[in-house]
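I opened a fresh page for this one and kept my notes short. Come along and look things up with me.

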Amino acid sequence: MTLLEATNLRRHYQVRAGRGPFGAKAVLRAVDGVSLSLKPGRTLGLVGESGCGKSTTGKLALGFIPPTAGTVRYRGTDMPPAGTPAWRALRPRMQMVYQDPLGALDRRLPVGVQIMEPLAIHGAKSPAKQRDRAAGVMAAVGLQMHQFDRYPHELSGGQRQRVVLARALMTEPDLLVCDEPISALDVSIQAQVVNLLLDLQDQMGIAYLFISHDLKVVRQVSHEVAVMYLGRIVEQGEAEDLFARPLHPYTRALVSAIPVLGPRRERLLLQGDPPNPVDVPSGCAFHTRCPFATAACRAEAPALRTLPDGRQVACHRVEEPALQVAA
Amino acid sequence: MIAPLVEVTGLTVDFERDGRSSRAVDGVDLAIAPGEALGLVGESGSGKSVTWLAALGLLPARARVRGSVRIDKQQLIGAAPKVLEGVRGKRIAMIFQDPSSCLNPVHRIGWQLVEALKLHRGLDGAAAESATLRLLDQVGIADAKRRLGDYPHQLSGGLNQRVMIAMALAGEPDLLIADEPTTALDATIQAQILALLASIRRDTGMALVLISHDLGVVAENVNRVAVMYAGRLVEEAMGQDLFGAARHPYTQGLLAALPTLTGPRRRLAAIPGTVPEPGKAPLGCAFAPRCPLAEPRCQSEPPPVRHVGLMHRAACHLQIDIGVSAWSLPRAAE
């Protein structure tokens with residue numbers, strides 16, 4: 001049974017190309033045909049560089065913003081339009097965790113009040129029940145009850161992220177969309193939160209859509225990983241296998257760009273910057289930076305197809321021996 | 001060891017606020033040889049940036065700086081502004097995390113580069129322009145002539161960082177302090193910038209201090225690494241020794257807390273607790289409250305810095321044997 005199924009999601013924005021309000025109208029394709037599915041208790045990692053559309057995909061998955069085209073189904077039924085009572089009824093089932101916990105919390109309210117708030121909105125109205133449940137989730141995320149009356153600025157960055165998590169868990173969701181949940185934290189604290197997320201999944205069977213630019217962290221938490229480039233998924237596969245054996249030239253460049261502690265690896269250094277998303281190159285969007293691009297790549301966009309071993313790749317040339325040798 | 005280019009001894013920085021003082025850097029000793037690449041690692045608030053801002057006299061007046069920072073015998077702490085002006089940019093240049101906030105948004109980048117060249121090398125007119133083009137070429141900016149007329153907002157983050165590096169190179173410095181130079185950049189752009197820094201070092205023999213929280217970035221780009229925690233230097237060693245045989249429990253904990261890109265996935269060994277707040281470092285070893293092996297003396301006495309191997313120093317009361325991790329000993333609790 002699939003928990004969340006997104007099919008061919010698109011989100012386009014009307015923008016002005018060039019400078020100022022008088023530039024020509026243009027279409028920014030933030031997300032351009034993304035399909036993904038998530039099973040209960042599983043984690044799908046979404047990686048890519050800034051501007052690739054991974055955060056927009058997360059918001060589309062929760063119905064926070066309406067898609068330009070495409071559908072999202074939750075447990076087999078279509079996501080109701082945002083703001084409707086039906087959509088509101090689904091809110092407790094799926095929650096969002098953002099990068100900056102200080103920005104996600106109200107500085108003027110004690111954290112305990114903020115943790116109880118989702119229940120006040122969606123569930124038990126009795127303060128005693130709310131408080132009991134808050135005590136439960138605070139313990140689950142490793143916060144102590146004496147921190148209930150603290151204000152966000154009195155807590156450390158790691159503790160604040162625990163508060164955000166506790167609040168998201170109040171309504172017993174079965175899906176959390178985590179958008180760079182640990183990027184703002186120090187290394188030693190990141191490990192604490194990563195372990196916590198994995199424990200919570202074990203105990204409560206929550207599914208995560210885990211969005212991050214940090215490939216090592218994504219590998220650590222994900223069952224499956226999708227790599228995005230300029231609004232599209234270019235490769236998707238099982239986490240360990242994907243990073244051990246990236247097939248798409250972009251994934252290979254991305255993986256090889258990650259500095260590691262061990263012996264230095266061969267690096268596939270890309271030329272130039274990612275193109276402007278308003279002016280996506282023709283054909284395969286990656287062809288301007290791809291060392292293997294041919295005329296066919298410039299002309300026609302490759303579809304995401306499934307290889308015999310289950311890996312999904314959007315590349316015309318992925319099966320050619322020339323690419324294997326170059327790897 | 002060859003005579004150091006820059007030598008930091010007993011550097012201490014206190015920030016005064018509302019009559020209270022909090023210590024950001026606490027007795028740091030560091031030496032950088034000519035042409036060497038040193039990595040400076042630590043979490044936020046560990047004092048790794050403040051150390052160099054203090055060295056160059058770039059801290060606000062409420063900072064009290066003591067100790068010594070010398071470049072070729074020239075003392076920088078308490079030096080006259082004129083002396084510092086001769087060092088900043090010319091001997092020691094610094095680049096920062098966010099290039100777009102370091103560049104002036106209302107001036108074209110060509111203008112800003114010429115300004116640096118005028119200041120540091122006294123170049124003007126046609127000589128300055130050709131030097132500017134050479135600099136942009138050196139940092140790998142294609143079509144340099146056209147780029148000179150661009151404003152910072154017209155360039156991407158990666159290009160702006162290249163411009164910052166070009167500007168830092170304008171004075172032909174002996175030492176470049178790169179403070180998280182790639183943290184704001186995407187992975188593929190980060191790889192480009194780090195490759196650029198390496199090639200510049202190869203060509204010019206410039207020394208580099210690479211400040212970063214990312215151990216992977218440091219591991220791949222420097223010879224020697226120093227680890228800071230709560231304002232103190234806790235361990236210093238050659239790269240392969242530090243990453244292969246760390247001797248301080250904090251360094252060992254940091255390494256164990258990192259997820260990897262290859263091999264089987266294992267549960268991360270998280271360091272419990274949090275970094276002490278600035279000014280609230282404990283009396284003894286700053287890491288004692290989080291250390292699995294802390295003893296009573298760790299709480300009360302600051303640990304001495306000991307040589308534990310060739311060019312390998314660690315500040316720990318317990319002399320952990322090579323190959324032993326503080327986090328896998330019986331007393332380690334999660």
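**Entry 1: a helix and what follows**

I began just past helix α1 of chain B, where B:G57 comes next with a positive phi, near 65 degrees. A reminder for myself before going on: this is a predicted model.

Then I stepped back into the helix. α1(B) covers residues 48–55 and is mostly covered, with eight of its eight residues buried. I wrote down the names: B:K48, B:S49, B:V50, B:T51, B:W52, B:L53, B:A54 and B:A55 are buried.

**Entry 2: positive phi elsewhere**

I noted a rule of thumb here: most residues other than glycine have a negative phi. With that in mind I looked up two residues of chain A.

A:R75 is not a glycine, yet its phi is positive, about 45 degrees. I found A:R75 in the loop between β4 (69–74) and β5 (77–78) of chain A. Is A:R75 buried or exposed? I counted 14 other C-beta atoms within 10 Å of A:R75, so it is partly exposed.

My second stop was A:E180, also a residue other than glycine, with a positive phi near 50 degrees. A:E180 sits in the loop between β7 (175–179) and α7 of chain A. A:E180 has 19 other C-beta atoms within 10 Å, and is therefore partly exposed; a residue needs 20 or more to be called buried.

**Entry 3: two helices of chain A**

From that loop I moved on to α7 itself. Helix α6 (residues 157–169) and helix α7 (residues 187–204) of chain A have axes that come within 10 Å and cross at roughly 20 degrees. Angles under 35 degrees count as roughly parallel, so α6(A) and α7(A) are roughly parallel to each other. The crossing of α6(A) past α7(A) is right-handed.

Which residues make the contact? I listed A:G157, A:G158 and A:Q161 from α6(A), and A:I189, A:Q192 and A:V193 from α7(A). Sorted by class, the residues of this contact are two nonpolar, four polar and no charged.

**Entry 4: where chain A meets chain B**

Next I looked across to the other chain. Here 34 residues of chain A are in contact with 35 residues of chain B. On the side of chain A that touches chain B, α7, α8 (215–221), α9 (239–244) and α10 (249–257) each supply at least two residues. Which helix gives the most to this side? I found that α7(A) does, with seven residues. By class, the side of chain A that touches chain B has 18 nonpolar, eight polar and eight charged residues.

I picked A:V217 for a closer look, and found it in helix α8 of chain A. A:V217 has 25 other C-beta atoms within 10 Å, so it is buried. Leaving out neighbours within four places in sequence, A:V217 is in contact with A:I182, A:Q190, A:V194, A:S212 and, from chain B, B:P259. I also checked A:V217 against A:R298: they are 81 residues apart along the chain, and their C-alpha atoms are separated by 33 Å.

**Entry 5: a residue in a strand**

Further along chain A I stopped at A:Q312, which is in strand β12 (residues 312–313). A:Q312 is buried, because 21 other C-beta atoms lie within 10 Å. What does A:Q312 touch, not counting residues up to four places away in sequence? I wrote down A:E235, A:Q236, A:G237, A:L304, A:R305 and A:T306. A:Q312 and A:V234 are 78 residues apart in sequence, while their C-alpha atoms are 8.0 Å apart in space.

**Entry 6: another helix pair, in chain B**

Back in chain B, I looked up helix α4 (residues 109–121) and helix α5 (residues 125–138). Their axes come within 9 Å and cross at roughly 110 degrees. That makes α4(B) roughly perpendicular to α5(B). α4(B) passes α5(B) in a right-handed crossing. The contact takes B:G110, B:L113, B:V114, B:L117 and B:K118 from α4(B), and B:A128, B:A131, B:T132 and B:L135 from α5(B). By class I noted six nonpolar, two polar and one charged.

**Entry 7: the domains of chain B**

Last, I looked up the domain assignment of chain B, which gives domain 1 (6–222) and domain 2 (247–315). Taken over C-alpha atoms, the centres of these two domains of chain B are separated by 29 Å. Their contact takes six residues from domain 1 and seven residues from domain 2. On the domain 1 side, strand β2 (residues 20–32) of chain B gives the most, with three residues. That side of domain 1 has two nonpolar, two polar and two charged residues.

How values were computed. Residues are numbered from 1 along each chain as its sequence is written. Chains are lettered from A and ligands numbered from 1 in the order in which they are written. This is a predicted model: local features need pLDDT of at least 70, side-chain atom pairs count only at pLDDT 80 or more; totals for chains, interfaces and linings use all residues. Axes are lines fitted to C-alpha atoms, for helices over the stretch in contact, and angles run from 0 to 180 degrees between N-to-C directions. Helices (H or I, at least four residues) and strands (E, at least two) are DSSP runs, numbered from the N terminus. Angles under 35 degrees count as roughly parallel, over 145 as roughly antiparallel, 65 to 115 as roughly perpendicular and the rest as oblique. A crossing is left-handed if the near helix is turned anticlockwise from the far one by less than a right angle, and right-handed if clockwise. Two residues are in contact if their C-beta atoms, placed from the backbone, lie within 7 Å. Ala, Val, Leu, Ile, Met, Phe, Trp, Tyr, Cys and Pro count as nonpolar, Asp, Glu, Lys and Arg as charged, and the others, Gly among them, as polar. Domain bounds come from an automatic or database domain assignment. A residue is buried if 20 or more other C-beta atoms lie within 10 Å of its own, exposed if 12 or fewer, and partly exposed in between; C-beta atoms are placed from the backbone.
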